[in-house]
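Thanks for coming, everyone. I'll take you through one structure, piece by piece. Have a look at it first.

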Amino acid sequence: MLKYLKLPASLLVMASASASLASDDAIALRDHPFWQFDLEENHTADVTLADVDGDGDLDILTANGRHWAEQDFVYLNSGDGRMLEANYLGNGKSASYTVQAGDVDGNGTIDAVVVRDKLDAVIYLNDGTGNYEFSGLIKDSKGHARSAAMVNADRDDIPDLVIATRRGPDMIYRGNGKGRFHGGTPLPDAGFGSTGLATGDIDKDGDIDIVIARRDDAESVVMINQAGSFRPFTLPQSKGDHRKAVIAEFTGDHFPDIILADTDGSFLLYPGSQSGTFGNPRTFGQAGDLVQAIAAIDLDGDGNLDLFAGCEGRNIILQNDGTGIFTRREIGEEADSYGVAVGDMNGDGIDDIVVANSGSANQVFLNQRSPDQ
C-alpha cells in the first residue's frame, strides 16, 4: 500500500506563541520503497537534480563517499519520480561530497563536476543522453572540500565553480566555456570551517552572491558579488556548527533572507533589507535536532516558502506562516540525512523533495498537496 505521510498535531512544536497551526491535511508527502534509490551501504553526501538525458524530467546525480571511496551514480527518472535506470558517474570510486551540474563546454547538455575530499575535482562531459565521459581534473582544487556551487559569477554566461573548504581558503574556479576551468582564486576572507554554500542575488543588482555556512565555532559570511569580485561581510552572532545555508524570501517583504542551520537544532533567520545588509538574527528551532541540510520549498501551497531539514534522526518540516515564524513537524523514519534537493520529480507542477541519506537508501518524497492549494 502506498503510504502518505499525514503529519499529526501531536508531532507539532510551536516555534512561537504567535505561530498559526496548519491543518493536518495541509502537507502530505508520499513515501514508498519504489521511490528509494542507491545502495543502502553508500555514504551519500549530496543529491543534485538536472535533466541530464534531455527528456524533460529531472534526473538525480549522487555524490557518494564523504571520507571513503565509493561509486557516484546518475539516476534516470522514469517520469513519475522513480529511478529505474542508473549509470556510473566515473569509472572509479572516490570520496565525493557533491556533484555540481551545468553546461561547462557550451554544447547545450548538462555536464557534471564532482567535488571530492582531499582530491582534485573531476569534470565529466555529457553526451546528451546522461552518459558521462571523464574530461579531466580541475588543477589545484585538492583540499578538504565540503560543498560547492556552480554559478555564473561574472555575467559571461559561463559556469564558474565555487568550493567551500573546511580547512583552507574557499576557492572560485572560472570556467572557460570549453569544458575547463582556470586556476583557482581564493575568496577574500580568512575564515575557516566552511561546510555549506548558498547562492542568490541578495542585493538585487543582477550579480549572484554567496553565503558560506561555517562550523568549528567560526562565523558564517556573506560574499557580495560586485561585477565578478567579492566583498565579504560577517553575519552577526553566527558562531557555531552551521552546516548549511539557504537564501530565499521567508518574511513577506520581498527581500531575500538568509537561514543558517546548526547541528544543535537551532536556526538563525537573517531578515533581508533594501540595502542588502543583515542585522542580528531571529532564532528558532528545537534543541536536540541534529540538522545537517536544509532546503526552501512551498509544501502547503500557500505561497510562503517553508523549510525541509535533513537530520541525523527524523527529518523535519518547518512550516512558515508567511512572516518567518515556523512550526515544526517530524517526518519519516530515522536516517542520517546529509543532503536535500527540491524539484518537480513527477511532472505535476509541484515541487517535491529528494533526500540524500548516509548509510541507508536515498528517498524521493512526492508532494501530494491538493491541486488547488
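**A walk through the strands**

Start with a loop: Arg 155 sits between β13 (145-151) and β14 (160-165). This is a predicted model, so keep that in mind throughout. Phi of Arg 155 is near 60 degrees, a positive value in a residue other than glycine.

Now the strands on either side of that loop. β13 and β14 are antiparallel, paired over six bridges. One pair to click on is Ser 147, whose bridge partner in β14 is Ala 164. Both strands belong to an open sheet of four, in the order β13-β14-β15-β16, with antiparallel pairing. Which strands stand at its edges? They are β13 and β16 (185-186), and each has a single partner strand, so one side of each is left without a neighbour in the sheet.

Next, another sheet. This one is also open, has four strands, and runs β9-β10-β11-β12 with antiparallel pairing. Here β9 and β12 (132-137) are the edge strands; each has a single partner, so one side of each lacks a neighbour in the sheet. From one strand to the next, the twist averages 25 degrees. Between β9 and β10 there are six bridges, and the two strands run antiparallel. Look for Ser 96, which stands opposite Arg 116 in β10.

This sheet has its own loop to check. Lys 118 lies between β10 (111-116) and β11 (119-126). Its phi is near 65 degrees, again positive in a residue other than glycine.

On to the pockets. How much space lies in the largest one? About 1000 Å³. It is lined by 38 residues, and the closest to its centre are Asp 46, Gln 100, Ala 148, Leu 197 and Val 340. Several strands supply at least two lining residues each: β5 (44-50), β9 (96-102), β13, β17 (194-200), β21 (242-248), β25 (290-297) and β27 (326-343). So far we have met β9 as an edge strand, and β13 as another. By class, the lining has 22 nonpolar, 10 polar and six charged residues.

One residue to pick out in β17 is Ala 198. Is Ala 198 buried or exposed? At 7% relative accessibility, Ala 198 counts as buried, because the cut-off for buried is under 20%. Ala 198 and Lys 244 are 46 residues apart in sequence, but 7.8 Å apart in space, C-alpha to C-alpha.

The second largest pocket holds about 260 Å³. Its lining has 16 residues, with Asp 31, Gln 36, Glu 333, Gln 363 and Phe 365 nearest the centre. Which strand gives the most to this lining? It is β27, with five residues. β27 and β29 (362-367) each supply at least two. The class counts are four nonpolar, eight polar and four charged.

That brings us to the strand paired with both β27 and β29: β28. Strand β28 covers residues 352-357, and six of its six residues are buried. In a regular strand, side chains alternate between the two faces of the sheet. In β28, Asp 352, Val 354 and Ala 356 point one way, while Ile 353, Val 355 and Asn 357 point the other.

Its pairings next. With β27, β28 is antiparallel over six bridges. Gly 339 has Ala 356 in β28 as its bridge partner. With β29, β28 is antiparallel over three bridges. There, Val 354 stands opposite Val 364 in β29. The hairpin of β28 and β29 has four residues between the strands, and Gly 359 in it takes a positive phi near 95 degrees.

Last stop, the largest nonpolar core. In soluble globular proteins, nonpolar side chains tend to be buried together. This core has 17 residues; those touching the most other members are Phe 250, Ile 259, Phe 267, Phe 284, Ile 294 and Leu 307. The elements that give two or more residues are β21, β22 (257-262), β23 (266-270), β25 and β26 (306-320). Which gives the most? β26 does, with five residues. Note that β21 and β25 also supply residues to the lining of the largest pocket.

That's the tour. Questions, please.

Key:
Residues are numbered from 1 along each chain as its sequence is written. This is a predicted model: local features need pLDDT of at least 70, side-chain atom pairs count only at pLDDT 80 or more; totals for chains, interfaces and linings use all residues. Side-chain values use heavy atoms; hydrogens and water are left out. On a 1 Å grid over the protein atoms alone, a cavity is a set of points where a 1.4 Å probe fits but cannot get out, and a pocket is an open set with protein on both sides within 12 Å along at least five of seven lines; lining residues have an atom within 4 Å of a point. Grid points are joined across faces, edges and corners, and a volume is the space filled by probe spheres set on the points. Ala, Val, Leu, Ile, Met, Phe, Trp, Tyr, Cys and Pro count as nonpolar, Asp, Glu, Lys and Arg as charged, and the others, Gly among them, as polar. Two strands pair if DSSP finds at least two bridges between them. Axes are lines fitted to C-alpha atoms, for helices over the stretch in contact, and angles run from 0 to 180 degrees between N-to-C directions. A nonpolar core is a set of buried Ala, Val, Leu, Ile, Met, Phe, Trp, Tyr and Cys residues joined through side-chain atoms within 4.5 Å. Buried means under 20% relative accessible area, exposed over 50%, partly exposed in between (1.4 Å probe, protein chains only).
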